[in-house]
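These are my notebook entries from one pass through the structure shown below. I recorded what I looked up, entry by entry.

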Amino acid sequence: MARAYASTILPAPVETVWSLIRDFNGLPSWVPAVADSTIEDGLDADVVGCVRAFHLRDGTLVRERLISLDDHRYSFSYNFETPAFPVDNYLARVALIPVTNGDATFAEWEATFDERPGEGQYAEIIATNVFKAGWDSLAARIAAESPAPPAGAVRWQGLPPHKVFCSSVIDAPVEAAWAMIRDFAGMAGWHDEISRMHMLGGARPDKISGVRDFLFGEGHLNEELIQLCDRTRSYTYRITKSPMPWLHYVSGPRLWPVTDTNRTFGTWFGDWTASPTDDLVLIPQVHDGVYQKAFDTVAARLSARST
């Protein structure tokens, strides 16, 4: 199965960007190759299952069906009903994630499909001529118009996906950032408040169930690795020993490539149980002093390496 992918950082808050791309009938306003678009059968453009029929600038007719639409996580997916390219089993997804370290948005567009024998290879064509071109055009529109968020827009349509959600852009390739972050026992090498970090029992740092032992300032902590994935560039861990007033702490980072600039977009989440009074201190402390500081120090180390 082939995959086309393009991602970027757009200089506007996620609520603004979502308002520009959410309309399944709105391609002509931000994708330069699309000349016109209509929703078949008189349906609204946010009815899951509706079909948009549009013409490319060369007159080609394309029909696509809305498979999913998510206002909470800023994403939608669709397939081909009348393909624009000679491919099969085409499924595309567009997703936005807010950049909390700055008023920007990470945007990704991807599709998976089967190439037809003898018809050529289309992954790079779709990634560059459709997805990247769309993001480039949308970025230009944002720069020219400086659109404001919709009145009354609420991020996440309620609660955020996690108790603490932190995201940032690292000015380095995703492979370099992942190589540094992936080492579950290596955080003491790039976070100046962490020291004496090592794996208990001599376990490998990529062993699921392995536990890292370390000092965070004067606090003594143990954290168990419970998930690691090189495909999604993510891992998850839980705290098994901590002086902090919380229970059931689970956390972890994930990295994405920013394909148009060879940078990295990273998220780091945290969930736990604590009293509301304690959370008033814990939430900003973890966001700023752990997750954002981790991204900042990784970015600084990688920048120093490249100079």
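**Entry 1: Ser-37 and its surroundings**

I began with a side-chain pair: Ser-37 and Asn-25 are joined by a polar contact of 2.6 Å between their side chains. I note that the model is a predicted one. I then located Ser-37 in the secondary structure and found it in strand β2, residues 34-39.

Is Ser-37 buried or exposed? Its relative accessibility is 14%, so I count Ser-37 as buried, the cut-off being under 20%. I also listed what touches Ser-37, setting aside neighbours within four places in sequence: Asn-25, Pro-28, Arg-52, Ala-53 and Phe-54.

**Entry 2: The sheet that holds β2**

I next traced the sheet around β2. Its seven strands form an open sheet in the order β1-β7-β6-β5-β4-β3-β2, and the pairing is antiparallel. Because β1 and β2 each have a single partner strand, they stand at the edges, and one side of each lacks a neighbour in the sheet. From one strand to the next I read an average twist of 20 degrees.

For the β2 edge I looked up the pairing with strand β3, residues 51-56, and found five bridges in the antiparallel sense. One residue pair I recorded is Thr-38 with Ala-53, its bridge partner in β3. Ala-53 also appears among the contacts of Ser-37.

Which helices pack on this sheet? Helix α1 does, touching β1, β4 (61-70), β5, β6 and β7, with its direction at about 150 degrees to that of β6. Helix α2 packs on the sheet as well, touching β1, β5, β6 and β7, and its direction makes about 15 degrees with that of β1.

**Entry 3: Helix α2**

I then examined α2 by itself. It covers residues 123-145, 23 residues in total, and spans 32 Å between its first and last C-alpha, close to the expected 33 Å. I found a bend of about 30 degrees at Lys-132.

Which residues of α2 are buried? I listed Ala-123, Ile-126, Ala-127, Phe-131, Gly-134, Trp-135, Leu-138 and Ile-142. Residues three or four places apart in an α-helix point the same way, because there are 3.6 residues a turn. The cover over the buried residues of α2 includes β1 (2-10), α1 (14-21), β5 (75-82), β6 (87-99) and β7 (104-115). After α2 comes Ser-146, with a positive phi near 45 degrees.

**Entry 4: A second sheet**

I turned to another open sheet of seven strands, ordered β8-β14-β13-β12-β11-β10-β9 with antiparallel pairing. Its edge strands are β8 (164-170) and β9 (194-199), each pairing on one side only. The twist here averages 20 degrees from one strand to the next.

At the β9 edge I found four bridges to strand β10, residues 211-216, the two running antiparallel. Ile-194 has Phe-216 as its bridge partner in β10.

**Entry 5: Helices α3 and α4**

Last, I looked up the helices lying across this second sheet. Helix α3 (residues 174-181) lies across β8, β11, β12, β13 and β14, and runs at about 155 degrees to β13. Helix α4 lies across β8, β10, β12, β13 and β14, at about 15 degrees to β8.

I also recorded the dimensions of α4: residues 276-306, 31 residues, reaching 43 Å from first to last C-alpha, close to the 45 Å expected. Where does α4 bend? I placed the bend, about 40 degrees, at Lys-293.

Notes:
Residues numbered from 1 in each chain as written. Predicted model: local features only at pLDDT ≥ 70, side-chain atom pairs only at ≥ 80, totals over all residues. Heavy atoms only, no water. Buried < 20%, exposed > 50% of the residue type's maximum accessible area, 1.4 Å probe, protein only. Polar contact = N/O pair within 3.5 Å; in protein donor to acceptor, adjacent residues only side chain to side chain. Contact = heavy atoms within 4.5 Å. Expected span 1.5 Å × (residues − 1). Bend = angle between axes of the 7 residues up to and from the residue. Pairing = 2+ DSSP bridges. Axes fitted to C-alpha atoms, helices over the stretch in contact; angles between N-to-C directions.
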